[in-house]
Amino acid sequence: MSEISANASLHPYNTFGMHANARWFTRVRSLEDVQVLVATEIFNQNERLILGGGSNMLLIQHFDGLVIKNELYGIEVVREDADAVYVRAGAGENWHAFVQHTIAQGWGGLENLSLIPGNVGAAPMQNIGAYGVEIKDCFHTLEAFHWQQKEVHTFDAAACQFGYRESVFKHAAKNQYLILNVTFRLLKNPTLNISYGAIAKELETMQVVQPTIRDVSNAVMHIRQSKLPDPKQIGNAGSFFKNPVVGAEKHAALLAEFSNLVAYKNSDTEFKLAAGWLIEQCGWKGQRFGDAGVHKDQALVLVNYGNASGKEIFDLSQRILDSVQEKFGVLLEREVNMIGL
Ligand code: FAD
Ligand code: EPU
């Protein structure tokens, strides 16, 4: 285990670019490191926060506890059968680099999830998703260390209780585990998923007739780069809110009032509304208050132009939430993890 340092800046470790400090900060690189850490006084006397790539959190204030940066690396094939390879990746591996590695091997399944920031260990937390695929579609198992019982537990997909931007780790198992590694089942003869959004159109522009997983990855990357702000240039954590799901009756009522409502059928009885559209309709798109703002091209993304505080971003999100509720009667839910609320 690396040493535990005091009063560490978290500014380099969160994509929102918040200037917040951790009372204590350490890194773990192996299960042995974790076992040494849990025997320390600082671990046992402090609240803890696990840090991956810091791309899905808003640090509202300084963190008065122990931040544990997950740096468990390693990628290996743990099993193989006629159709699939089972690949295990350490929680500290960079997500996009891991996806690119699987594509280079010709293993299909994760290509639509190219360019999502962050690390492998956080991917199951909210069942990351994009362009018609979620990790639950390729997920096999994960191993996680239980802080209290001090032992490693294995979770299959059912145990993870995956949903849209949801898992058991945000609910019943919240703050109880450190995810150590994740195993994915990837296909040797990939089936492509290009029906979602602009992928097919992008492939056409790229003049690709028989797409490979590499082509799909390139198309997704291109679309993402044109739509989402790069955290290296402007602080953000991707979509700040989830797209809300409403019943058929509420959907019909909204449609009667707002004929240009953007919504997608989610199930026989439910519709998913585009939160970006709801927020834009309330007039927030491109608004800036000091250094806190709503992105000019994507109203679902809140941004830090430099020195916004976590509290300023949080307060802005509350005003957005209130206005959407007032205009549409729809309660938005934050997708980004609020730290220090
Ligand atoms: P962090 O922000 O470090 O952590 C997120 C949460 O998980 C925290 O609560 C943390 O304590 C916990 N955690 C992290 N690692 C572990 C671990 N090993 N064990 C237990 N708990 C852990 N998300 C999508 O789903 N789809 C997208 O298309 C998408 N696009 C994005 C685009 C941009 C520009 C940005 C900035 C973000 C986007 N995101 C998207 C959100 C984010 O990339 C994902 O949620 C990602 O999985 C977060 O990974 P991270 O390592 O940065 O997590
Ligand atoms: N829209 C607007 N105004 C806006 C933004 C969007 O009207 O300012 C409408 C447009 O009609 C657009 C629709 O909303 O067609 C959907 O927008 P987009 O395709 O950009 O996707 P999204 O719903 O905003 C979701 C995910 C993203 C993911 C993309 C692609 C959520 C909360 N967000 O965004 O995930 O990358 O789809 O699959 O589900 C993230 O979780 O951080 C994230 C970026």
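This passage describes the surroundings of two ligands in a predicted model of a protein.

Ligand 1 is considered to begin with. Its shell consists of 34 residues, among which Ile50, Gly52, Gly53, Ser55 and Gly129 come nearest. When these surrounding residues are sorted by class, 17 are nonpolar, 15 are polar and 2 are charged. Individual polar contacts involve both the backbone and the side chains of the protein. On the backbone side, a polar atom of Gly54 is placed 2.8 Å from an oxygen atom of ligand 1. On the side-chain side, an N or O atom of Asn70 lies 3.1 Å from a nitrogen atom of ligand 1, and an N or O atom in the side chain of Arg165 lies 3.4 Å from an oxygen atom of this ligand. Taken on its own, ligand 1 has 980 Å² of accessible area, of which the protein covers 94%. The elements that contribute two or more residues to this shell are strand S3 (48-51), strand S8 (129-130), strand S12 (177-187) and strand S13, the last of which spans residues 235-239.

Attention now turns to ligand 2. Around this ligand there are 23 residues, and the closest of them are Tyr131, Tyr164, Glu280, Ala299 and Glu335. The class composition of the shell is 11 nonpolar, 5 polar and 7 charged residues. Two of the closest residues, Tyr131 and Ala299, also approach the ligand through their backbones: a polar backbone atom of Tyr131 is 2.8 Å from an oxygen atom of ligand 2, and a polar backbone atom of Ala299 is likewise 2.8 Å from an oxygen atom of the ligand. Asn243, by contrast, makes its approach through the side chain, a polar atom of which lies 2.8 Å from an oxygen atom of ligand 2. The accessible area of ligand 2 on its own amounts to 830 Å², and 80% of this area is covered by the protein.

With regard to secondary structure, helix H6 (213-227), strand S13 (235-239) and helix H8 (275-281) are the elements that give two or more residues to the shell around ligand 2, and the largest share, 3 residues, comes from H8. At the level of domains, at least three residues of this shell are drawn from domain 2 (75-187), and at least three from domain 3 (235-339). Strand S13 thus appears in both descriptions, since it is listed among the elements that give two or more residues to the shell of ligand 1 and among those that do so for ligand 2.

Note on methods:
Residues numbered from 1 in each chain as written. Chains lettered and ligands numbered in written order. Predicted model: local features only at pLDDT ≥ 70, side-chain atom pairs only at ≥ 80, totals over all residues. Heavy atoms only, no water. Near = heavy atom within 4 Å. Polar contact = N/O pair within 3.5 Å; in protein donor to acceptor, adjacent residues only side chain to side chain. Areas by Shrake-Rupley, 256 points an atom, 1.4 Å probe, with all protein chains shown as cover. Helix = DSSP H or I, 4+ residues; strand = E, 2+ residues; numbered from the N terminus. Nonpolar A, V, L, I, M, F, W, Y, C, P; charged D, E, K, R; others polar. Domains from an automatic or database assignment.
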